[in-house]
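Welcome, and please open the model in your viewer. We will go from one selection to the next, with a short note on what to look for at each stop.

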Amino acid sequence: KGRGKNEEEVVPESRARQKRMRARISRAAKRDARAMRLETIGIIRREFDWRGVNVLEEERVFDPRFLSAYRADNQKPPQERSQLKKLLYRPAPKHPELAVWAFTMLSQAYCNSLMKALNRFEAFKKARKLKIRRSGSRYGALFNHVGFQEFFDVLVQKYLRALAEIVYPDECKKFHQQHSFLVSYEPGKEIRQNTHADDSTLTVNYCLGTIDEQGGRNWDGGELYFYWER
């Protein structure tokens with residue numbers, strides 16, 4: 001049998017109504033998720049004590065060699081920052097614009113303190129059954145959401161900029177914000193990340209594995225590979 005005129009007009013209207021309903025449900029779900037995320041972040045900021053590791057105190061946070069070079073050079077033009085250049089240019093690369101720079105910036109004592117605090121933080125989340133937005137890993141966290149926004153704002157705009165201006169002076173003009181996160185690797189959990197491209201002007205990776213008093217480290221691996229520009 002053929003459909004009547006009225007029936008033909010109702011079907012498209014019904015589908016459009018269903019589409020609008022799904023859109024409203026989706027928006028409501030997003031609002032609820034955002035409200036829950038903000039509530040969780042509020043609980044963390046009110047109740048969890050980082051015991052000072054989220055406060056950037058130069059003497060405690062930085063490796064003495066980096067801090068000495070920074071203090072000697074930070075008021076100089078980029079081309080005259082000889083002490084910071086010594087940290088970067090070891091040995092001097094043939095093509096600086098393609099180089100990957102590796103140096104010690106954070107003190108080992110601070111890394112150990114931060115790792116202990118992060119372990120306490122994981123225990124706190126588990127005890128309170130809190131779910132927070134993570135980075136690209138199932139076992140990580142966004143530092144800016146849990147009390148480190150100011151810490152990393154200062155780290156990027158003040159200390160990393162002093163280094164980056166030496167090698168990438170034009171790109172440093174684009175330092176408007178930072179996105180700092182933790183990825184935790186452990187056998188049986190996260191053991192690697194797939195090859196990916198960061199949507200950033202500058203990428204900095206810190207290895208936070210702890211080292212004991214005898215100089216032994218509690219981890220193996222930690223290889224990091226860089227490829228050509230996308």
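A disulfide here is a pair of cysteine sulfur atoms within 2.5 Å. By that rule the count is zero disulfides. Before you select anything else, note that this is a predicted model, in which local features need pLDDT of at least 70, side-chain atom pairs count only at pLDDT 80 or more, and totals for chains, interfaces and linings use all residues. Residues are numbered from 1 along each chain as its sequence is written, and side-chain values use heavy atoms, with hydrogens and water left out.

**Stop 1: the cysteines**

Select C207 and C111. The sulfur of C111 is the closest cysteine sulfur to that of C207, yet the distance is 8.0 Å, too far for a bond. Then move to C172, which is buried at 2% relative accessibility. For this and later stops, buried means under 20% relative accessible area, exposed means over 50%, and partly exposed lies in between (1.4 Å probe, protein chains only).

**Stop 2: the whole chain**

Switch to a cartoon view. The chain has six helices and two strands, and from the N terminus on the order is α-α-α-α-α-β-α-β. Helices (H or I, at least four residues) and strands (E, at least two) are DSSP runs, numbered from the N terminus. Of the 230 residues, 29% count as buried. Now turn on the surface: its accessible area is about 17,000 Å², with 50% belonging to carbon and sulfur atoms. Such areas come from the Shrake-Rupley method with a 1.4 Å probe, and for residues only the protein chains shown count as cover.

How much of the contact map joins residues at least 24 apart? Among contacts between residues at least 6 apart in sequence, the share is 68%. Contact means heavy atoms within 4.5 Å.

**Stop 3: the core**

Select W50, F62, F66, L84 and F148. These have the most contacts inside the largest nonpolar core, which has 45 residues. A nonpolar core is a set of buried Ala, Val, Leu, Ile, Met, Phe, Trp, Tyr and Cys residues joined through side-chain atoms within 4.5 Å. Helix 1, helix 3, helix 4, helix 5 and helix 6 each supply at least two of its residues, and the largest share, eleven residues, comes from helix 6.

Keep F148 selected and show its surroundings. Leaving aside residues up to four places away in sequence, F148 touches W50, V53, N54, Y110, L114 and F143.

**Stop 4: salt bridges**

Side chains of opposite charge can pair when their charged atoms come close. With a salt bridge taken as a side-chain nitrogen of Lys or Arg within 4 Å of a carboxyl oxygen of Asp or Glu, the count comes to eight.

Start with R71 and E59, whose side chains meet at 3.0 Å, N to O. R71 sits in helix 3 (residues 64-73) and E59 in helix 2, so the pair ties together parts twelve residues apart in sequence. R71 is partly exposed at 43% relative accessibility, while E59 is exposed at 60%.

Next, select R81 and E165, a salt bridge of 2.9 Å, N to O. R81 lies in the loop between helix 3 and helix 4 (82-88), and E165 in helix 6 (residues 149-167), so this pair ties together parts 84 residues apart in sequence. R81 is buried, at 6% relative accessibility.

Then go to helix 5, where E122 and K125 lie three residues apart, about one turn of the helix. The closest N and O atoms of their salt bridge are 3.1 Å apart. E122 is partly exposed at 36%, whereas K125 is buried at 3%. Finally, add E58 to the earlier pair: salt bridges that share partners join E58, E59 and R71 into one network.

**Stop 5: two backbone turns of phi**

Most residues other than glycine have a negative phi. Which sign does phi have at R51? It is positive, about 55 degrees, although R51 is not a glycine. R51 is in the loop between helix 1 (5-47) and helix 2 (58-61) and is exposed at 61%.

K129 also has a positive phi of about 55 degrees without being a glycine. Find K129 in the loop between helix 5 (108-128) and strand 1 (140-142), where K129 is exposed at 73%.
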